[in-house]
Amino acid sequence: MASSPATAQMTTARAGRQLPTLLPVLATVGLPTLLLTLFLLLPLILVAVYSVYSTDPITGIMQPDFTLANYERIVSSPIYRKVFLRTLEIALLCTGIALLIAYPMAYTIGALVPRERQTLLLFLVIIPFWTSYIVRTYGWIGILQSGGFLESVLSLIPGVDAGLDVLYSRPAVIVGFVHVFLPLMILPIYASARNLDHRLIEASYDLGASPWRTFLRVTLPLTMPGVVAGATLFFIATFGAFVTPQLLGGTEDLMMGNVIADQFGEAFNWPFGAALSVVMILIVVLSLALLFRFADLESIYG
Amino acid sequence: MSEFDVELREVTKHFGDVVAVDRVSLAVERGTFLTLLGPSGCGKTTTLRMIGGFEYPDSGEIYIRGVPMGRTPPYRRDTSMVFQNYALFPHMSVAENIAYGLRERKVDKATIERRVEEMLRLVELEGFGKRRPRQLSGGQQQRVALARSLVIEPTVLLLDEPLGALDLKLRKQMQLELKRIQERVGITFIYVTHDQDEALTMSDRIAVMNRGRVEQYGSAEEIFERPRTRFVADFMGAENILDAEVVQADGRSALVRVAGAQLPVRGDGLQAGQRVALVARPYRVKLLEDPAHQDALWQATVQERVYKGSSVAYLLQLATGPQLRAEVLVGAGDGHAEPGRQVGVAIDPTHVVIVRE
């Protein structure tokens with residue numbers, strides 16, 4: 001008992017020291033945690049909870065329940081598998097095309113253009129983001145529709161059949177996606193390209209590697225983290241999008257996003273929409289986990 | 001085949017309005033360790049980069065083994081460069097780095113493995129093959145870069161201040177090691193540095209560069225003992241450089257006036273009235289205890305006296321203006337004096353060097 005006042009003193013002293021360190025911890029860790037919980041975790045949980053609810057077959061009103069019927073419907077119906085595969089196909093194709101456009105652009109801006117002029121070019125890349133996604137997509141309608149800008153331009157070339165029918169088709173959807181989400185891919189690749197040490201490229205030339213071999217053995221591996229990050233961002237954005245296929249695609253181009261939006265909107269079947277969303281999220285998360293394991297980004301930096 | 005591994009003829013390179021390299025001509029014999037020595041901005045690195053093919057001359061021509069290089073890119077040149085910051089590929093192991101050039105040359109796997117092992121042994125990094133460059137110290141990375149370049153057996157190895165990032169002790173050690181490796185492989189090395197000690201330690205030949213031009217080209221001894229210009233003398237650390245004027249000259253020898261005294265010197269091509277400079281190493285300066293000694297060229301006051309063990313260093317203020325540094329051996333029977341004393345100063349004319357401005 002004789003030691004207890006000393007112990008108490010030590011405890012208060014320690015608490016006194018800990019208090020000022022608690023505040024910054026709360027601000028740096030606590031605030032983001034709170035925001036993430038409020039705006040990410042909570043909605044996700046809500047969606048997950050809705051997905052096991054049922055709807056009254058007559059009134060269509062959502063009822064708290066625990067049923068896997070929604071998931072059974074997804075797995076058993078070939079329609080959703082078809083839409084899912086189509087979504088995957090469109091998203092992958094767009095990611096591939098975007099990569100072919102974004103890589104040269106990002107590499108040029110990050111590695112070839114002098115530093116002081118990079119800001120301007122990046123600015124030009126980002127500017128479209130200031131305009132609404134929907135407005136930019138509507139812009140493509142004006143360009144692609146019959147009698148639109150593209151047709152007028154093409155009709156100027158003699159011998160070209162002007163009657164092309166692009167709008168409300170797969171190519172229109174692809175063009176729309178690539179245009180709208182391209183900056184998402186350019187920025188991470190730009191960051192990698194900018195950090196690339198130019199002397200490594202010189203060293204490769206010096207050791208006898210041609211520009212093409214140097215690209216394969218040095219430039220591409222060292223910018224791979226940017227490529228993976230950019231492709232991932234682009235893929236996720238495309239995979240879940242519904243506005244572009246809605247506005248630019250035909251009925252044969254509807255994607256998972258459209259089906260889900262319909263369930264929450266017109267069909268007013270929130271539990272089923274929620275179940276579809278959960279499946280989408282799981283698929284994306286699982287494929288990302290696989291990708292990152294496969295790409296093994298750690299090994300690039302060793 | 002040419003007896004020269006590398007030859008530069010009137011090579012000039014501009015960057016915008018700046019002349020980086022100005023009509024440089026050099027011929028480097030096979031197996032030479034040549035150092036391009038000079039302050040930053042003197043054009044030494046640009047010269048090296050032009051030999052490697054990373055820059056092309058605006059005019060003039062570079063020959064490697066007698067073949068004009070023109071605008072041949074680096075990957076078609078038989079040169080290899082050790083970069084200042086090593087430029088090792090971070091995504092490859094040490095062994096993969098060394099194997100890089102061999103793989104580009106489509107050498108078979110077994111040979112690559114054997115050659116990589118040989119190289120690791122040469123640079124004393126056996127067992128390090130599987131590591132990543134960033135797991136190595138600066139000195140070790142340096143040796144990997146060297147091995148990566150040597151393994152492809154270039155005609156010329158180019159080294160761009162490769163020891164600049166190392167601490168002094170390691171640098172000294174690597175200087176000797178580089179020299180040892182160069183003698184062993186027998187390849188021509190062209191080495192760029194701003195460190196005159198480094199140049200003297202390693203080089204068979206030194207080209208001292210200043211403002212894009214080669215001021216002097218010769219052996220380490222020639223450059224150190226017989227600088228031809230004031231810049232070279234200054235850059236090689238000459239402590240006594242005095243303004244002088246040629247009083248009379250007869251082609252082989254001349255009489256120069258330095259700080260009021262006249263001194264007969266050797267000197268080819270000097271002309272009466274020409275402004276020159278006299279260079280005398282401190283250990284060539286004699287201190288005479290009697291200011292009126294018959295050998296005394298100047299009278300001076302001892303300003304500083306620093307005991308350095310085997311010798312004593314003096315700073316002398318000549319009565320006629322300039323200062324002179326002298327280094328006198330202890331116990332050699334030569335004169336010594338305390339600060340403040342008046343003394344006579346003499347220089348053996350056979351040991352002074354006359355340089356042009």
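In this predicted model, the largest nonpolar core holds 112 residues. Ile190(B), Ala207(B) and Val345(B) touch the most other members. Helix H2(B) gives the most to this core, with six residues. Both domain 1 (4–230) and domain 2 (238–356) of chain B give residues to the core, so the core lies between them. In soluble globular proteins, nonpolar side chains tend to be buried together.

The contacts of Ile190(B) show part of this core in detail. Leaving aside neighbours within four places in sequence, Ile190(B) is in contact with Val6(B), Val28(B), Leu34(B) and Leu36(B), among others. Its partners also include Leu48(B), Ile51(B), Val156(B) and Leu158(B). A second core is separate and has 44 residues. Ala98(A), Phe177(A), Ala193(A) and Leu248(A) are among them.

Chain B is divided into two domains, residues 4–230 and residues 238–356. Their C-alpha centres lie 40 Å apart. Five residues from domain 1 of chain B and seven residues from domain 2 of chain B make up the contact between them. The domain 1 side of this contact has one nonpolar, one polar and three charged residues.

A database record adds an annotation to chain B. In an unreviewed entry, UniProt lists residues 6–236 of chain B as "domain: ABC transporter". Over this stretch, the chain is 36% helix and 27% strand. The C-alpha atoms at the two ends of the stretch are 25 Å apart.

Chain B also touches chain A. The contact takes 20 residues from chain B and 18 residues from chain A. On the chain B side, strand S6 (79–82) and helix H2 (94–104) each supply at least two residues. H2(B) gives the most to this side, with three residues. By class, the chain B side divides into eleven nonpolar, five polar and four charged residues. H2(B) is thus a shared element: it gives the most to the chain B side of this contact and the most to the largest nonpolar core.

Confidence was then examined along chain A. The mean pLDDT of chain A is 86, and 90% of its residues reach 70 or more. Helix H8 (residues 198–206) of chain A has the highest confidence, at a mean of 96. Helix H13 (residues 297–301) of chain A has the lowest, at 51. Over residues 1–13 of chain A, pLDDT stays under 50. For these residues the model has zero contacts beyond four places in sequence. Where pLDDT is low, the predicted coordinates should not be read in detail.

Methods. Residues numbered from 1 in each chain as written. Chains lettered and ligands numbered in written order. Predicted model: local features only at pLDDT ≥ 70, side-chain atom pairs only at ≥ 80, totals over all residues. Domains from an automatic or database assignment. Contact = placed C-beta atoms within 7 Å. Nonpolar A, V, L, I, M, F, W, Y, C, P; charged D, E, K, R; others polar. UniProt positions renumbered as here; feature names shortened; annotations may be inferred. Helix = DSSP H or I, 4+ residues; strand = E, 2+ residues; numbered from the N terminus. pLDDT = per-residue confidence, 0-100. Core = buried A, V, L, I, M, F, W, Y, C linked by C-beta atoms within 7 Å. Buried ≥ 20, exposed ≤ 12 C-beta atoms within 10 Å, placed from the backbone.
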